[in-house]
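Walk me through this fold. Where should a reader start, and what packs against what?

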Amino acid sequence: MRAVVDTNVLVSALMSAGGAPAQVMSSIASGQLRPVVCADILAELQAVLPRPRLHLRADRVAELLSLIELTAEWVLVPRYTGIPPLPDPDDWPFIGAAQAAACPLITGNLKHFPPGLGVRVMTAREWVDSIGAV
């Protein structure tokens with residue numbers, strides 16, 4: 001299975017070993033979930049995950065970034081034109097990647113991804129429930 005995984009899901013997974021975000025990350029590690037990325041998504045992950053204020057373990061961040069770089073399906077995302085209108089235009093790479101790969105987008109912030117974007121947007125819990133993970 002493939003999906004675009006929003007940065008906030010991966011931050012949550014690195015902060016807590018329990019819960020749906022951690023299950024999403026475990027699914028990436030096991031090969032059950034192949035993350036879909038573009039250059040802008042990887043750049044955001046490389047910029048956000050090491051931020052000191054997040055207090056994430058550097059070794060776990062490095063391991064996750066390496067895993068994503070090695071296992072991800074890479075897509076090209078066109079430049080954002082303002083269509084569709086988004087609450088935060090910086091979220092375009094995630095939507096564009098999901099559109100390009102025809103796969104779902106897993107996020108912890110549904111309000112940034114309103115209906116009508118042409119992609120299935122789901123929470124980490126919804127994704128875990130949809131695959132029957134425990």
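Two strands count as paired when DSSP finds at least two bridges between them. The model is predicted. Strands S2 and S3 run parallel and are joined by two bridges. Within this pairing, Val 37 has Trp 74 of S3 as its bridge partner. S1 also pairs with S2, again in the parallel sense, over two bridges. Here Ala 3 is matched with Pro 35 in S2.

Now turn to the interior. The largest nonpolar core holds 45 residues. Val 4, Val 5, Val 24, Leu 33, Ile 41, Leu 49 and Ile 106 have the most contacts inside it. In soluble globular proteins, nonpolar side chains tend to be buried together. Helix H5 (residues 92-101) gives this core its largest share, six residues.

Take Val 4 as one entry point. Beyond its neighbours within four places in sequence, Val 4 contacts Val 36 and Ile 41. Its contacts also include Phe 94, Ala 97 and Ala 98. Cys 103, Pro 104, Leu 105 and Ile 106 complete the list.

H5 deserves a closer look. How many of its ten residues are buried? Eight are, and the helix is mostly covered. The buried set comprises Trp 92, Pro 93, Phe 94, Ile 95, Gly 96, Ala 97, Ala 98 and Ala 101. These residues pack against four strands by name: S1 (2-5), S2 (34-37), S3 (73-74) and S4 (105-106). They also pack against helices H1 (7-15) and H3. Just after H5, Ala 102 takes a positive phi of about 50°.

Phe 94 lies in helix H5. Its relative accessibility is 0%, so Phe 94 counts as buried; the cut-off is under 20%. Leaving out residues up to four places away in sequence, Phe 94 touches Val 4, Val 5, Asp 6 and Thr 7. Ile 41, Glu 44, Leu 105 and Phe 113 are touched as well. Phe 94 and Thr 107 are 13 residues apart in sequence, with 9.6 Å between their C-alpha atoms.

One helix pair remains. The axes of H3 (residues 39-48) and H4 (residues 58-71) come within 10 Å and cross at roughly 170°. Angles over 145 degrees count as roughly antiparallel, and H3 and H4 are therefore roughly antiparallel to each other. Leu 42, Leu 45 and Gln 46 of H3 meet Leu 65, Ile 68 and Glu 69 of H4. By class, this contact has four nonpolar residues, one polar and one charged.

Terms used: Residues are numbered from 1 along each chain as its sequence is written. This is a predicted model: local features need pLDDT of at least 70, side-chain atom pairs count only at pLDDT 80 or more; totals for chains, interfaces and linings use all residues. Side-chain values use heavy atoms; hydrogens and water are left out. Axes are lines fitted to C-alpha atoms, for helices over the stretch in contact, and angles run from 0 to 180 degrees between N-to-C directions. Angles under 35 degrees count as roughly parallel, over 145 as roughly antiparallel, 65 to 115 as roughly perpendicular and the rest as oblique. Contact means heavy atoms within 4.5 Å. Ala, Val, Leu, Ile, Met, Phe, Trp, Tyr, Cys and Pro count as nonpolar, Asp, Glu, Lys and Arg as charged, and the others, Gly among them, as polar. A nonpolar core is a set of buried Ala, Val, Leu, Ile, Met, Phe, Trp, Tyr and Cys residues joined through side-chain atoms within 4.5 Å. Buried means under 20% relative accessible area, exposed over 50%, partly exposed in between (1.4 Å probe, protein chains only).
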